[in-house]
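User: I would like to learn how to describe the packing of helices and the setting of a single residue. May we work through some questions on this structure?

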Amino acid sequence: MALSMQAGAADTLKIGEFNSYKTQAAFLEPYKQAMELAVEEINKEGGINGKQVELVIRDDNSNTGDAVRAVGELLTSDKVDVLMGGFLSNVGLAVADYAGHKKIFYLAGEPLTDAITWSQGNPYTFRLRASTYMQAAMLVEEALKMNKKRWALVYPNYEYGQSAIRTFKELMKARQPDIEFVAEIATPLGKVDASNVVQALADAKPDALFNVLFAADLAKFVRAGSQRNFFDGLAVVSLLSGEPEYLDPLGEETPVGWVVTGYPWYGIDTPEHNAFLKAYQDKFNDYPRLGSIVGYTSIKSLAEGIKKAGSTDTDALVKAFEGLELMSPFGPITYRASDHQATIGAYVGKLGIKDGKGIMVDFHYVDGADVLPSDEEVAKLRPAR
């Protein structure tokens, strides 16, 4: 059943959103809160093109079939004007394929797979978040500084994990030809056998580790590795592990020194982030997570795109989003015309512990535009339109 946030006005613009709320609550509850904040701000400012915004939400159960059905219901039963959402990469790809065939505009906020904008990209799908390629490229720069030869890899065995590992290996081999990948372990999403994974990795005697596990899998892996002193003296690069939704549960078990991508909300001092942070804390009496940034910026992106297009007509929206510029809590971003990827970046730093909580230290922001391939390279990666 759809959850509807009524805007309280007869003339409304409906945003249809689907996501994995039941299975990925740590990320998606803050995401949902930030969407509500963005809708509230937009409606207070007069709405979009004179229409108040209504958000209609459905759960996809982290299942591609359920996601496509949910999207169908949003479009036919709820009669939404525009579509956004998705968390898991395989789900995002399924909906992007549906949108491409049905010629429906779709903004994928969170799905990270590179395929959604490159190998399986279509004219109707855009993506907000920094992709696996972008974040892996950011971490490669740090990994190269470690000057380690024997690398082990561990990742969840589905599209996101496979994409991240593939990119990391390709970029590292290109820059450090003598690198060796001595172990590569794929685990079932949400069902990691942490003890056996740690033992298998330790048996390979790596000098360094690239980890792509997240959420509960990450916590189990960290605990098992720490108990066996596996991480002692091991250089670790870890995707997403500095995001509060995944870092907070670790507490005093946070593995100090890991190099990560994440969101140090407590240490960002820019006008745009300060404004977002105050608004979020005032409304929810809580601090934002990375999901909050994605939910908020997705809604704001749609608002700016629809204003620019002058309507929710699909072709007009596609044209409006190609080259669309707006301000996010992370600074100015652009949706590239060449691959429909936004240039929002990510923070890269190290893990530390303060007052019993995991934090990011020594961090810096990497603009997504600085790690994306050129338009000429994208033309080779994307199918002919």
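User: At roughly what angle do the axes of helix H1 and helix H10 cross?

Analyst: This is a predicted model. Two packed helices are described by the angle between their axes and the distance between the axes. For H1 (residues 25-44) and H10 (residues 290-309), the axes come within 7 Å, and they cross at roughly 35°.

User: How many residues of the contact of H1 with H10 are nonpolar?

Analyst: H1 contributes residues including Phe27, Pro30 and Tyr31, while H10 contributes residues including Leu290, Val294 and Ile299. Three residues of this contact are polar and two are charged, and the number of nonpolar ones is 14.

User: Which word describes the orientation of H4 and H5 to each other?

Analyst: The axes of H4 (residues 132-146) and H5 (residues 159-175) come within 9 Å and cross at roughly 40°. Angles under 35 degrees count as roughly parallel and 65 to 115 as roughly perpendicular. The angle for H4 and H5 falls in neither range, and the two helices are therefore oblique.

User: Is threonine 117 buried or exposed?

Analyst: Threonine 117 lies in the loop between strand E5 (106-108) and strand E6 (125-127). Beyond its neighbours within four places in sequence, threonine 117 is in contact with Arg127, Asp339, His340, Gln341 and Arg382. Its relative accessible area is 1%. Because the cut-off for a buried residue is under 20%, threonine 117 is buried.

Terms used
Residues numbered from 1 in each chain as written. Predicted model: local features only at pLDDT ≥ 70, side-chain atom pairs only at ≥ 80, totals over all residues. Heavy atoms only, no water. Axes fitted to C-alpha atoms, helices over the stretch in contact; angles between N-to-C directions. Helix = DSSP H or I, 4+ residues; strand = E, 2+ residues; numbered from the N terminus. Contact = heavy atoms within 4.5 Å. Nonpolar A, V, L, I, M, F, W, Y, C, P; charged D, E, K, R; others polar. Parallel < 35°, antiparallel > 145°, perpendicular 65-115°, else oblique. Buried < 20%, exposed > 50% of the residue type's maximum accessible area, 1.4 Å probe, protein only.
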